[in-house]
Amino acid sequence: MHFRLVRYVTLTSLAFFLVAGGALAYFYRSLSIDNMLHLQESSNVNLTRVFANNLWSSHFLPLLQEAVATAAPDLGKNSRLQEIHRDTLELMRGSSAYKIKVYDLRGRTIYSSELQQIGEDKSDNAGFLGAAQGITKTELVHKEKFSAFENVVENRDLIQSYIPQYDPKSGTIVGVFEIYSDVTPFLATIRSTEQLLAAVVVLAFSALYLGLFVIVRSAERILKTQHRERDLALQQLAQSEKIASLGQLVAGVSHQLNTPLGFSVSNVTLAIEATRSFLLPLRVADRLAVQVRNAPPAERLMLNTADAQSQLSGITVSDKDGEMVIEMLGDVLQGLEQMRELVENLRDFTRLDRTKVVDANLNASLRTVVYVAKSAIPMRVQIVEEYGALPAIECNPSQLNQVFLNLITNAAQAIPGEGSITIRTAQESDRIRIDVIDTGAGIPSDVLPHIFDSYFTTKPKGEGTGLGLPITRDIVHSHGGEIAVETAEGHGTTFTITLPLISRTAPGN
Amino acid sequence: MTSATLSMSMPCNPTATRGRVLCVDDEPNVLRALHWLLQKDFDVSTATSGQEGLKLVRESSFDVVISDQRMPEMSGVDFLREVRAIAPRAMRILLTGYSDMQAILRSVNESEIFRYINKPWNVTELPKVVAQAAEIARSLPEVLTDPEPLDEAELTASAVRILLLDDNPEVHAQVELAIGDCAEVLHTTGVLDALQQLQGGNIGVIVTETNVGSVDSTRLIRLLKQRHPEIVTVVLAETCGADLVSSLINQGQIYRFVPKPIKAGYLKIILRSAVARHQQLKRAPALLRRHQVEAADDACVQTLENDLYYSANATDTDVSENSNVMATPLGLRGFLKRLFVR
């Protein structure tokens, strides 16, 4: 499984930057605009107050009163309007107000600084309706073309407010002001600040990303190197573990050779001695036979005892001696056969002379392993073989032999006194199942989770590499199989290996 | 072929009673081969298991018992231990193709075997060793039983001197703790040191490591045993190869083998028992013959001498302190010769 560190970090960072940047921009913009709106609103309110203070009672109040009776189309014809317009212009010159409109409570425009708008009906306008209730309403609008007080302006951002006008004496709402003030420069500033902010954020995030990228890249490189080194180290350790276990095995088997060697050498030496002692009697027999053959057919043969005495007195051999030599040499043949069998089993176990991946029947492999294992484990431990019929499967028998031997020697080591190891094989639908069951001490529950960890061993320091089971598991997995363990403290342990009949992964290495 | 038919099928030598030998091995081929080899000079009986062997030992008396180690049901060491209990007069020989360290150590400590012989056995040597063993067994009807470990009063009264040779100070502390209040312990950390102490004489027990500094002290033991067989040897060791232990058995007839790390209680018992054994041997020196060793050869003397020379040169202080021991090879050889050669 290859973890693409750089790719994931890049994608995550990008997504994060986009979201964060977008959120920042959005919040800045709406905050500033809100701010601006509030500011401008109060500014507008102030403007209208000034406006009202100056012109209300003199100009607008009478206008309002006259408007009550006037019809909408005629509102523009009111004679006061010229004066109002002129005074309004005077008052508003230089301020940021671009337009002022006044509505009566019925929603009719009784005055607008854009004169042709006088008489329009705004009774269904939400802003007007709100102000008529007493709620000041402000919003930001953008006008492509707009007639301001003295000229037509283009492409301006304006704050539009609907402000209720209260009668100074009675305190009730008598009309609504609509005032536009220009905020184009403000907005422009906001926009440019926003852009600047965006640029700064992008720059900062980019810098952050670059830094991260450099770090992550070198981290990924280090990880790759470590991974490679670890693989190499594991390979070497697997090799040395194999050699070590093979060494142990060879030692055990070579000791076994000593027994047939012992009696064979002893017997042959004695046989040579004995045969030597037969030479004289043989010569005598031969001589006698010659004499008998050559003598004329008479009934008796004369023998010069004085002459023969010295020679024949040295002979003390009997029938039994000849038989003894034959028996001895027969035993030697048996001994040689024992040695041959041992060597053959060892050779089958290591399979050094055969190709690595073959179709093999695991029962045959197990028999070989059991044979060689017997010389590596104490005699108080019995091995019981219960093999079911198995088909041949494609596998690396040399590796599997290592696995089986490892499990058997582990099992033997777990048995403190008398005990047995049962090896059972069976075919289960599409798999082969091999159980190695021992009657040993079992695996304690605090040790069990670690048995497949590399270098984990419960043996005293210096004994055991702690690699047997991890390597066993690797080999089983590389054959597409599984290994499982069941244990009961005080009763024993069972290791179960299942291998697929058709290997899915190539087991060569 | 059972043991009964074997011994009846072979004609008995009509001369005076010969040594009686029992061979035990689970492999019938081995039993037949041993029988053929030994039947010229001895009365040979065989058994294919420890249990069968014990039955024969109870029924008749043997001079020599030879056993294989690796047998089902009862191992050779266990069998020989039982034989020692039932018939201590018989000399015990362990014959094996399998070197199991644990078994070898136990053969020393529990079975007190006379010789440890590897398969394949030497066809000319084995009959000689059996003859030697048989002769000893027949000429010494009394045996040494396991001595009762001495108590403190007896120890102090014995005035025995114990020589300790080890380069680890912890071991010195342990031995002192175990026995220092009742017996004189001579602490040495180098073989040269030890040799000097030995010159002083009257050492009863040697407790030694197998490797002191860079010198293999087992050669010292083996050479010593030839000259001073009354000195009881206790060997301490962390790790010891099978070869080394078997030569310690055959050439050193060591009394006990104590594996490290040393358990305090065990050490105490062993030391006291060693002193008791020394007392036994002093009282009945004829019994020393039961622990007769193989002769160590000249090569052994030479190697020991080399080791000592190099270690002496490595540490200048040793040389100057041990002025008795001459630093030159010639002087060392002379010294060793005086100490070891009869």
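Okay, let me start with a term: by a nonpolar core I mean a set of buried Ala, Val, Leu, Ile, Met, Phe, Trp, Tyr and Cys residues joined through C-beta atoms within 7 Å. Keep in mind that what you see here is a predicted model.

So, the cores. The largest one in this model has 97 residues, and the ones with the most contacts inside it are Val21(B), Val64(B) and Ile93(B). Helix 2 of chain B, residues 28–38, gives this core its largest share, seven residues. As a general point, nonpolar side chains tend to be buried together in soluble globular proteins.

Let's zoom in on Val21(B). What is Val21(B) in contact with, once we leave aside its neighbours within four places in sequence? There's Leu38(B), then Phe42(B), Asp43(B) and Val44(B), then Phe62(B), Asp63(B), Val64(B) and Ile66(B), and finally Val130(B).

Now the strand around it. Strand 1 of chain B, residues 20–24, has five of its five residues buried, so the rest of the structure largely encloses it. Look at the two faces: Arg20(B), Leu22(B) and Val24(B) point one way, Val21(B) and Cys23(B) point the other, and all of them are buried. Yes, that includes the arginine, Arg20(B).

Who sits beside this strand? On the pairing with strand 2 of chain B, residues 43–47, we get five bridges in the parallel sense. Val21(B) has Val44(B) as its bridge partner there. To get from strand 1 to strand 2 of chain B, the chain passes through helix 2 of chain B, and that β-α-β crossover is right-handed. Strand 1 of chain B is also joined to strand 3 of chain B, residues 64–67, by four bridges, again running parallel. In strand 3 of chain B, Ile66(B) is the bridge partner of Cys23(B).

Over to chain A. Its secondary structure comes to nine helices and twelve strands. Of its 509 residues, 25% count as buried. If you take the contacts in chain A with a separation of 6 or more, 70% of them are between residues 24 or more positions apart.

Chain A has an open sheet of five strands, order 2-1-5-4-3, with antiparallel pairing. At the edges are strand 2 (109–112) and strand 3 (137–147) of chain A, each pairing on one side only. On average, neighbouring strands in this sheet are turned by 25° against each other, ignoring direction. Strand 1 of chain A, residues 97–104, is joined to strand 2 of chain A by three bridges, antiparallel. If you want to find the register on screen, Tyr103(A) stands opposite Thr109(A) in strand 2 of chain A.

One more piece of chain A: helix 9, residues 468–478. Which of its residues are buried? Gly468(A), Leu469(A), Pro470(A), Ile471(A), Thr472(A) and Ile475(A). Covering those buried residues we have, among others, helix 4 (184–294), helix 8 (397–414) and strand 11 (482–488) of chain A. After helix 9 of chain A comes Gly480(A), with a positive phi near 80°.

Last stop, where the chains meet. How many residues of each chain are in contact with the other? It's 18 from chain A and 16 from chain B. On the chain A side, helix 4 and helix 6 (319–350) each supply at least two residues. Helix 4 of chain A gives the most, with twelve. By type, that side of chain A divides into seven nonpolar, ten polar and one charged.

That's my tour, thanks.

How values were computed. Residues numbered from 1 in each chain as written. Chains lettered and ligands numbered in written order. Buried ≥ 20, exposed ≤ 12 C-beta atoms within 10 Å, placed from the backbone. Contact = placed C-beta atoms within 7 Å. Pairing = 2+ DSSP bridges. Axes fitted to C-alpha atoms, helices over the stretch in contact; angles between N-to-C directions. Right-handed = clockwise from strand over helix to strand, strands pointing away. Nonpolar A, V, L, I, M, F, W, Y, C, P; charged D, E, K, R; others polar.
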